[in-house]
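I set out here what I looked up in this structure, entry by entry. I begin with the ligand and work outward to the sheet and the core.

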Amino acid sequence: MVIVISNMDRFNHLVGTDVLTYSWLIESNAMVAVGELVVVTDEISGLRYFARVTTIIHDTKTGGFQVIALPIGSVGPDGSFRKPRTIPPLLSPVRQLKPDEYRLLKTFMGELEIGYMMSGNQTITDLPVGIPSAALPQHLGIFATTGMGKSNLMKVFCASAISARKAGILITDPHGEYALGEPGNASSRGLLHHPKAQEGLAVFTIRDRKDSDVYQMKSLWISHNDLSIADLGLVFDQTSGQQEIINLLLPFQTNQIIEFFVNEEVDKLPSHLKTTAYIGNHQEIAQRVRSGSADALRLVQRQISTLLDLTSRFVNPDRSSLPDIISSLDAGKVVLIDIPGISDAAELFILSAITRAIFKRKQHLFIEQGSAGKSGTVLICIEEAQRVLSQRSEKTGIFREIAMEGRKFGLGLGVITQQPKNIDKRVLAQMNTLFIMGLADRQDREIVATSAKHDLRVLDTEIQTLDRGDVIISTVGIPFPVSCHIHYFEDYLKNF
Ligand SMILES: Nc1ncnc2c1ncn2[C@@H]1O[C@H](COP(=O)(O)OP(=O)(O)OP(=O)(O)O)[C@@H](O)[C@H]1O
Ligand SMILES: [Mg+2]
């Protein structure tokens, strides 16, 4: 059968189709943009096929444009949404979405709102985009080049979480920008300005009392026993000699180890070559490490004292905020660890300590009570996550364990990075929610596009054209990738 295409049908009617690509022509004066959503109607079956524009090219025959689109799903007459396994007939009409179709897409959205859906260049204010909190234990990745709006996104996400109280979220902030807004910028706002901050936010800070009291921030305390000697490997490169010493020390409590290294002269330790006896207070530790090399022992000692110096404002022998932090997370609050000006090494060391405590508790609850006894969902966010989730396994510690195992305890990781290519592929493969923002590096884009649950490679043009505050979200809870413009935090706060 030969289909004769009249002039009227030439434009806005499907001409080339397979299950993965739709194509139609438009007139040269018709406006269409990459990322735009369209509906193709099968006029016989009544099925509506949703698709998003991925490419536009010149059509030399008509002088118009050929539009290529990616099918995202079909809706039957009963309103049920299916993956696109069938195709609409040739010459089916292509049109923009109608209001009831936006309402249909809205049913997929979760309670943690972050922005409005984008269709091409249009922001659809009838269609707020939200992540379902049930997706959080399956880990979340946020990828963006510097300045593209990661911090704004985190603030908006936390603002929604403060209000929704569906999950506990832990974030650490070494720049001091989340609690009260960007320092030195009077119009910038922080999470403490949220009208529901009293109920839904707990801030633990190292700021002076006079600053913290005004906003009822709590002082952050980390006790020696909250720390783990194994985390030295997270922040310092280790020789095999040091690694050996750290392994020997693992059975001891950290406060004992710290006392030993802080109070003893390592040089006075009897080595297996010396015959002198050790006369300090830590016989067992001394006995255990005496086979280690003196150089390695000295290095371990120096690293411990460096870390204690860097964290002397809040690391102490006994006081600990961890029980309070954990109960706030269990209560579905956002917990902000406000540590302005702290060094990179110290931040990682305490984030690891807090993370380990949360993991242990969740694991304990799981073993005691089984999955039915799961306390609420908790998401632990790590900025510059390539520091701790790179291919080098000795640098990954507790974070890798959560990426691999956390899901069954209701514990997820929020991995924030500018360099997804430097994150361990096995960890990336565990992430079921991806936020892709402007990424300048092609290799980074490819890695992300291929690890998403929806294959995003066809969206490469769109990903390349993302502006500041734009994001493409691929998540298990929503059956298609979503383009979204993130709310501007200072404006979004007015909604609560
Ligand atoms: N959705 C948005 N709407 C309006 N302005 C935004 C949006 N997102 C970010 N901005 C503005 O862009 C600037 C950079 O954003 P932000 O600090 O969130 O970027 P970033 O990715 O965290 O950068 P960095 O890598 O430096 O930490 C800020 O001034 C912020 O207010
Ligand atoms: Mg930032």
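**Entry 1. Ligand shell.** I listed the residues around ligand 1 and found A144, T146, G147, M148, G149, K150, S151, N152, R468, G469, I486 and Y488. I note that the model is a predicted one. I then sorted the shell by residue class and obtained 4 nonpolar, 6 polar and 2 charged residues. Which helix gives the most to this shell? I found that helix α3, residues 150-164, does so, with 3 residues.

**Entry 2. The chain as a whole.** I took the overall extent next: the C-alpha trace spans about 100 × 50 × 45 Å along its principal axes. I counted 17 helices and 21 strands in the secondary structure. Of the 496 residues, 44% count as buried. I also checked the sequence range of the contacts: among those between residues at least 6 apart in sequence, 69% join residues at least 24 apart.

**Entry 3. The sheet.** I traced an open sheet of 12 strands with mixed pairing. Its order reads β9-β8-β21-β20-β19-β10-β18-β17-β11-β16-β12-β13. I identified the edge strands as β9 (122-131) and β13 (218-219), each of which pairs on one side only.

**Entry 4. Pairing within the sheet.** I recalled that strands of a sheet pair through backbone hydrogen bonds, either parallel or antiparallel. In which sense do β10 and β19 pair? I found that β10 (residues 140-143) and β19 (residues 433-436) pair in the parallel sense, over 4 bridges. Within this pair, I142 stands opposite F435 of β19.

I then turned to β8 (residues 112-119), where 6 of the 8 residues are buried. Strand β8 runs antiparallel to β9, and 7 bridges join the two. S119 has Q122 of β9 as its bridge partner. The hairpin of β8 and β9 has 2 residues between the strands, and G120 takes a positive phi near 65 degrees there. I looked at the other antiparallel pairing of β8 as well: 3 bridges join this strand to β21 (residues 482-486). The bridge partner of G115 in β21 is I486, and I486 is also among the residues that surround ligand 1.

**Entry 5. The nonpolar core.** I recalled that in soluble globular proteins nonpolar side chains tend to be buried together. Here I found that the largest nonpolar core has 140 residues, and that C158, L191, L336, I382 and I436 have the most contacts inside it. The element that gives the most to this core is α12, with 9 residues.

I followed two of these core residues further. C158 lies in helix α3. Why does C158 count as buried? It does so because 24 other C-beta atoms lie within 10 Å, where 20 or more suffice. Not counting residues up to four places away in sequence, C158 touches I169, I171, L191 and V334. I also computed the C-alpha separation of C158 and G168, which are 10 residues apart along the chain, as 9.8 Å. For I436, leaving aside neighbours within four places in sequence, I found contacts with F143, V448, I463, V471 and I472.

**Entry 6. Helix α13.** Last, I examined α13 (residues 397-405), whose buried residues are G397, I398, F399, I402 and A403. I looked up what covers these residues of α13, and the elements include α6 (232-235), α12 (344-369), β17 (377-382), β18 (411-417) and α14 (425-428).

Technical notes
Residues numbered from 1 in each chain as written. Chains lettered and ligands numbered in written order. Predicted model: local features only at pLDDT ≥ 70, side-chain atom pairs only at ≥ 80, totals over all residues. Buried ≥ 20, exposed ≤ 12 C-beta atoms within 10 Å, placed from the backbone. Contact = placed C-beta atoms within 7 Å. Core = buried A, V, L, I, M, F, W, Y, C linked by C-beta atoms within 7 Å. Near = placed C-beta within 6 Å. Nonpolar A, V, L, I, M, F, W, Y, C, P; charged D, E, K, R; others polar. Pairing = 2+ DSSP bridges.
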